Amino acid sequence: MNMHSRPADPKKLIKGATGDWEVVIGMEIHAQVTSNSKLFSGASTEFGGEPNDHVSLVDAAMPGMLPVINGECVKQAVRTGLGLKAQINKRSVFDRKNYFYPDLPQGYQISQYKTPIVGEGIVLVDTADGPIEVGIERLHLEQDAGKSIHDQHPALSLVDLNRSGVALMEIVSKPDLRSSEEAKAYVTKLRTILRYLGTCDGDMEKGSLRADVNVSVRKPGEDFGTRCEIKNVNSIRFIGQAIEVEARRQIGIIEDGGTIDQETRLFDPGRGETRSMRSKEEAHDYRYFPDPDLLPLEFDDAFVTELKAHLPELPDEKKARFVSAYGLSAYDADVLVAEKETADYYEAAVAHGGGARDAKAVANWVMGDVAAFANASGLSVFETHITPVQIAGLVDLIADGTISGKIAKDVLAIIIAEEKDGDPRAIVEARGMKQVTDTGAIEAAVDAIIAANPDKVAQVQAKPTMLGWFVGQVMKQTGGKANPQAVNDVLKGKLGL
C-alpha cells in the first residue's frame, strides 16, 4: 500500500476554525554510530572527557591532514541498512557540504549527497490503530560537528571539538507519518532496531540520537503543504510536543490568510513553542561536490553477505517467534521485545533448567509484578536484582500446587525486600508457606465453619453463589494457605451443591 495515498484518518485530524487539517510528518534521525574511533580519524568517540581531549589533527582540520575511512563505521551503516530491509548501495560517494560555523573547523562537513550508502527501506510501526509502514528514503554516513558552548564566559563562546568527526548515520524517512503519536512510535521503533543491531546506543540524553522533524499541514486529500524543519529535538516526548505546537501554528497562519515560509525552527520545551532559526537552505546553497581526498566507497556482495549472516534476530522476527512459539498475544510480545535485554530475560526464565514452563504465566510475572517493582525503582526489568531463575522458581511452585498465586506474591515480596538472592522453593520451605492440600486438614476447617454458621448453610443451599463466603472463611482459618480448588471441592461435597 502506497503510504502517500494513505486515506486521511478522521481520528488523527486536527480541528481548525475552517474545518479539519491533516498533519504530514517526515523525520531525519541523526544516529551516532557505535564505534571506538571517529569516521575519518583514530580519535576516541567516548562520551564525556575533558574538552578537546578526543581530537586528532584530522578533526581539528590541521593543514595537510587527510581523512581515512573507518571500516567499522561502514559495516555499522550496512548492518543498519539490512535491519531496515533497505537497498544496500555497493558504491557510494562522500561529498563536501560547505558551510561556515565556529565548531566546524574544516569549513565543510563530509557527508553523502547524491549517492548514499543505503537506499530505500521500510520500518513497521505498531500504533494504537494498528500497524503502519514507514518508508525510509535513505541512510548516509556523515561527520558530526563540534559543540559551541556559550555559558562559560561572559563575552566569548568556547568550542569543544570532542564530537567533531564522530560518525553519524542520517536516516531519512518518507513523509509517511500523520500524527505526533505515530511519529513518537516511529522513533521508538527505530531506536529499538538500532539497539538490537548494536549500531547506535540510542541514548538521547547524550545526544547519540537526535531528530530533525519536518512538519506541514494540508486539508485532507490535498497536496502536501510547505514544510518547516524543527532541528535537533532530543527526546521522544519533545518530538510529540513540537509536532503538536508547530501544526497548530501553521494552521493558525493559513486560516488567517497567511502563507507558511519554508524555514528551520527550534522547539523550546520550556515555553511550548517553536521559533524561527533561519530560512531553509536549498541543496545548492551548500555547494556539494565529491570530496577529492576520498575515493568512492566500494564493496562487494560477499562483504554484505558476511554482515547479513551475523545479524541478530530483530524485533519484528522476535515478536513473531514469541507469538508462535510461546502463544503470547501480539501486545505482550511487543512489550517484551521493546528492549532486547528484557526479551532475553524473559526467555531465560521460560527456558531455565531446560524446563517447558507456562510461557504466558512467565510473561504475566515479568510484565506484572517484576515490571511494577522495576518501574518503582526507576529501572528496566533486567536491571533489577530479581533473576529469571527466581521467576522460573515461582512459576514452577504454582504449577506443581506447592503454593497459590497469592502466596507467590508474598514470596516475591520477600525476595524484593529481604532475601535478594533467595531461592523461592527454599523460602517456602523455611517459612512454612506451602498451601495446604491435605484434605483432612481442610475438611476439619470446613466442618467447624459449617457447624458455627447454620443460617449461612441454609442461605448457600438456596443460593449457591454464596459459596464464596465459605471459601473466604476457610482461607482465613488456614492463614490463606489452603488450596482454593481443594476448598471448593470439599465445601461442595459437604453442602451437597
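**Exercise 1.** Which residue in β5 does Asn-98 stand opposite?

*Solution.* The model examined here is predicted. Begin by locating the strands: β4 comprises residues 95-98, and β5 comprises residues 108-111. Next, consider how they are joined: β4 and β5 pair in the antiparallel sense over 4 bridges. Finally, read across from Asn-98: the residue opposite is Tyr-108 in β5.

**Exercise 2.** Determine the strand order of the open sheet that contains β4, and identify its edge strands.

*Solution.* Recall first that strands of a sheet pair through backbone hydrogen bonds, either parallel or antiparallel. In this open sheet, 3 strands follow the order β5-β4-β15, and their pairing is antiparallel. The edge strands are β5 and β15, each of which pairs on one side only.

**Exercise 3.** State where Asn-52 lies, describe its phi angle, and decide whether the residue is buried, partly exposed or exposed.

*Solution.* Asn-52 is placed in the loop between β2 (19-32) and α1 (71-83). Its phi is near 60 degrees, a positive value in a residue other than glycine. The relative accessible area of Asn-52 is 38%. Buried requires a value under 20% and exposed a value over 50%, so Asn-52 is partly exposed.

**Exercise 4.** Carry out the corresponding analysis for Arg-287.

*Solution.* Arg-287 is found in the loop between β14 (273-279) and β15 (289-290). The phi of Arg-287 is near 45 degrees, again a positive value in a residue other than glycine. Its relative accessibility is 53%, and therefore Arg-287 counts as exposed.

How values were computed
Residues numbered from 1 in each chain as written. Predicted model: local features only at pLDDT ≥ 70, side-chain atom pairs only at ≥ 80, totals over all residues. Heavy atoms only, no water. Helix = DSSP H or I, 4+ residues; strand = E, 2+ residues; numbered from the N terminus. Buried < 20%, exposed > 50% of the residue type's maximum accessible area, 1.4 Å probe, protein only. Pairing = 2+ DSSP bridges.
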